[in-house]
Amino acid sequence: MKITDIKVIVASPGRNFVTVKVVTDEGLYGIGDATVNGREKAVVAYLQDHVAPCLIGRDPGRIEDIWQYLYKGAYWRRGPITMAAIAGIDMALWDIKAKAAIMPLYQLLGGRSRERVMVYKHVGGLDIAEVVDGVQALREQGLDAIRAQVSIPGLPPIYGTGPSTDQAAGGMVQALPTEEVWATHKYLPLVPKLFEALRDNVGWDVHLLHDVHHRLTPIEAARLGKDLEPFRLFWLEDAIPAELQDGFRIIRQHTTQPLAVGEIFNTVWDCQQLISEQLIDYIRVTSVHAGGVTGLKKIFDFASIYHVRSACHGPMDVSPVAMGCNIHVDVAIPNFGIQEYSGYTEATHDMFPCAWSYERGYLQPGEAPGHGVDIDEAVAEKYPYAPAYLPVARLEDGTLTSW
Ligand code: CS2
Ligand code: MG
């Protein structure tokens, strides 16, 4: 079998997705996700100008060799753009191999290790009462794990907490970045109150999670971890910026609060220290940003040695294609933890017919050959690329800060 064409499709059924279609001379094709939220066009150019010409005529079955060719061969290794481009190709190649084998992808990854994949969904609100209502509503819909975020009184709603300015996108996504305001001293005392109210109202038979979005310093995160201990959170996510990994040691010295990080990591090298020193409990890499099925599997296998569990990043900007790959990996690996799942717009589902399915808090990969996700190119044409960015954040005095 030979690769004859590589198409890169950009469409915005509610938010932008970059999708790769690898076509072969035997009629089989595979689909991959290469979306980097807010930097989509950079991956498109990387794929069209620098990757596709090198792969035409190659055997699509040599997945590991092509992964190494694109990773080592670029010389400029790692980074979100390179690894998303590799991911797009890698997912498509696994799709082709599993279709050729007439097997669902998880069978090629060693078969099932579990019967279903537990997900968590998000609840945000302008005040604690609104979040409590939202969590109760999701409990009624069958969710066993829920992430809870609340706006800070006296500050405008920020990313992940308030009502979305773009419902279709599920986030505050604008043509140019909006600017938000952050104040740690107002946030820190509020979060324990949120989780106290949640435990009082929804009880202890539910996993509660919280995302800090990299906004704290290590000692601030340590304080928050200690304050949250009575409420037994499933995890505290992205407590500090992920670059300075020694910071996690400071948090660990002060709290038994489980820690999760990794949505912006691209390779095993980004999380090697955190995993091997057991400074985290959940590694949140995802197929599209960590080099596809091949990259994800390498990281999770490494993590399993250190009792670190998986938790694939799965917001709306991780397309249904990457979600499908995540679910196949989730169901196969021994160290699965949880899968983030925000759900998608109807238009997104129309554009990506898929075999995976969601029901009452759990996902299934489906039994279709391949990863089971396709792209309807006619539908994609109806939703052209629309420039969109994540917000930036400033302190109350105007200093730019992490969000
Ligand atoms: C978030 C994401 O899902 C999460 O945990 O942190 O919303 C993240 O901010 C976006 O995926 C960035 O593109
Ligand atoms: Mg997050």
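The following questions and answers introduce the domains, cores, metal site, cavity and some single residues of a predicted model.

Reader: Which conventions apply to the numbering and to the predicted model?
Author: Residues are numbered from 1 along each chain as its sequence is written, while chains are lettered from A and ligands numbered from 1 in the order in which they are written. Side-chain values use heavy atoms, with hydrogens and water left out, and in this predicted model local features need pLDDT of at least 70, side-chain atom pairs count only at pLDDT 80 or more, and totals for chains, interfaces and linings use all residues.

Reader: Into which domains is the chain divided, and how many residues does each give to the contact?
Author: The division, which comes from an automatic or database domain assignment, gives domain 1 (3-104) and domain 2 (108-367 + 391-401). Their C-alpha centres lie 26 Å apart. Where contact means heavy atoms within 4.5 Å, domain 1 gives 33 residues and domain 2 gives 36 residues.

Reader: Which residues have the most contacts inside the largest nonpolar core?
Author: A nonpolar core is a set of buried Ala, Val, Leu, Ile, Met, Phe, Trp, Tyr and Cys residues joined through side-chain atoms within 4.5 Å; buried means under 20% relative accessible area, exposed over 50%, and partly exposed in between, with a 1.4 Å probe and protein chains only. In soluble globular proteins, nonpolar side chains tend to be buried together. The largest core here has 120 residues, and those with the most contacts inside it are Ile89, Phe195 and Ile283.

Reader: Which helix gives the most to this core?
Author: The core draws at least three residues from each of domain 1 and domain 2. Helices (H or I, at least four residues) and strands (E, at least two) are DSSP runs, numbered from the N terminus. With 12 residues, the element that gives the most to this core is helix 3 (residues 80-100).

Reader: Which residues does Phe195 touch?
Author: Phe195 is among the residues with the most contacts inside the largest core. Not counting residues up to four places away in sequence, Phe195 touches Ala148, Leu208, Leu209, His210, Leu228, Phe231 and Leu233.

Reader: Which residues are the protein donors of the magnesium ion (ligand 2)?
Author: Donors are N, O and S atoms within 2.8 Å of the metal (3.2 Å for Na, K and Ca), and water is not among the atoms, so sites may look incomplete. Along the chain the donors follow the spacing D-x25-E-x25-E. At 2.0 to 2.2 Å from the ion, they are Asp211 (OD), Glu237 (OE) and Glu263 (OE).

Reader: Where in the chain are Asp211 and Glu263, and how many residues apart are they?
Author: Asp211 counts as buried because its relative accessibility is 1%, and Glu263 counts as buried because its value is 15%. Asp211 is in strand 7 (residues 207-211), and Glu263 is in the loop between strand 9 (259-261) and helix 10 (268-276), so this pair links distant parts of the chain, 52 residues apart.

Reader: What is the volume of the largest cavity?
Author: On a 1 Å grid over the protein atoms alone, a cavity is a set of points where a 1.4 Å probe fits but cannot get out, and lining residues have an atom within 4 Å of a point. Grid points are joined across faces, edges and corners, and a volume is the space filled by probe spheres set on the points. The lining includes Trp182, Tyr187, His210 and Asp211, and strand 5 (145-150) and strand 7 are the elements that give two or more residues to it. The count comes to 1 cavity of 30 Å³ or more, and the largest has a volume of about 40 Å³.

Reader: Is Arg232 buried or exposed?
Author: Arg232 is placed in the loop between helix 8 (218-228) and strand 8 (235-237). Its phi is near 45°, a positive value in a residue other than glycine. Because its relative accessibility is 63%, Arg232 counts as exposed.

Reader: With which residues is Asn37 in contact?
Author: Asn37 is found in the loop between strand 3 (29-33) and helix 1 (40-55). Its relative accessible area is 16%, so Asn37 is buried. Leaving aside neighbours within four places in sequence, its contacts are Arg15, Asp317 and Leu390.

Notes. On a 1 Å grid over the protein atoms alone, a cavity is a set of points where a 1.4 Å probe fits but cannot get out, and a pocket is an open set with protein on both sides within 12 Å along at least five of seven lines; lining residues have an atom within 4 Å of a point.
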